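This briefing covers how the strands and helices of one chain are arranged. The sequence and structure are shown first, followed by the points grouped by topic.

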Amino acid sequence: MRGNLIRILSSVEEKANELKLDGYEPDVVLVGRKAYEFIREQVNEEFGGDEEVAELSGIRVRIVEELEGDAVVIDSKTLGMGLGGAKRFKVVL
């Protein structure tokens with residue numbers, strides 16, 4: 001399902017660019033367990049094999065159970081220091 005993978009990568013890049021425009025440096029994508037399994041399935045279907053997903057669009061991936069089917073692109077150095085530094089999007093529709 002190439003379309004799903006393209007949609008996910010586009011969302012990661014879009015949210016990362018929005019953060020950059022706001023002066024942040026996005027360096028991590030937090031993904032829920034459902035979202036991670038969906039992404040991993042799409043990547044392995046596209047490229048073959050049974051690999052883990054460590055990066056999306058050059059940004060490290062970390063699993064956060066509570067996000068379920070969503071993902072958040074963050075600037076880990078500024079998150080929690082005030083408003084901003086994170087952009088959330090839906091992975092599993």
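Val-31 stands opposite Ala-71 in β4. This pair comes from a predicted model, in which β1 (residues 28–31) and β4 (residues 70–74) run antiparallel and are joined by 4 bridges.

**Helices on the sheet**
- Helix α1, residues 2–21, packs on the sheet and touches β1, β2, β3 (59–63), β4 and β5.
- The direction of α1 makes about 160° with that of β5.
- Helix α2, residues 33–47, lies across β1, β2, β3 and β4, and runs at about 110° to β1.

**Sheet order and edges**
- The sheet is open and has 5 strands, in the order β2-β3-β1-β4-β5, with mixed pairing.
- The edges are held by β2 (55–56) and β5 (86–90); each has a single partner strand, so one side of each is left without a neighbour in the sheet.
- Strands of a sheet pair through backbone hydrogen bonds, in either a parallel or an antiparallel way.

**Pairing of β1 with β3**
- β1 and β3 run parallel and are joined by 4 bridges.
- Within this pairing, Val-29 stands opposite Val-61 in β3.

**Pairing of β2 with β3**
- β2 and β3 run antiparallel, with 2 bridges between them.
- Leu-56 has Ile-59 in β3 as its bridge partner.
- The two strands β2 and β3 form a hairpin with 2 residues between them.
- In the turn of this hairpin, Ser-57 has a positive phi of about 55°.

Terms used
Residues numbered from 1 in each chain as written. Predicted model: local features only at pLDDT ≥ 70, side-chain atom pairs only at ≥ 80, totals over all residues. Heavy atoms only, no water. Pairing = 2+ DSSP bridges. Contact = heavy atoms within 4.5 Å. Axes fitted to C-alpha atoms, helices over the stretch in contact; angles between N-to-C directions.
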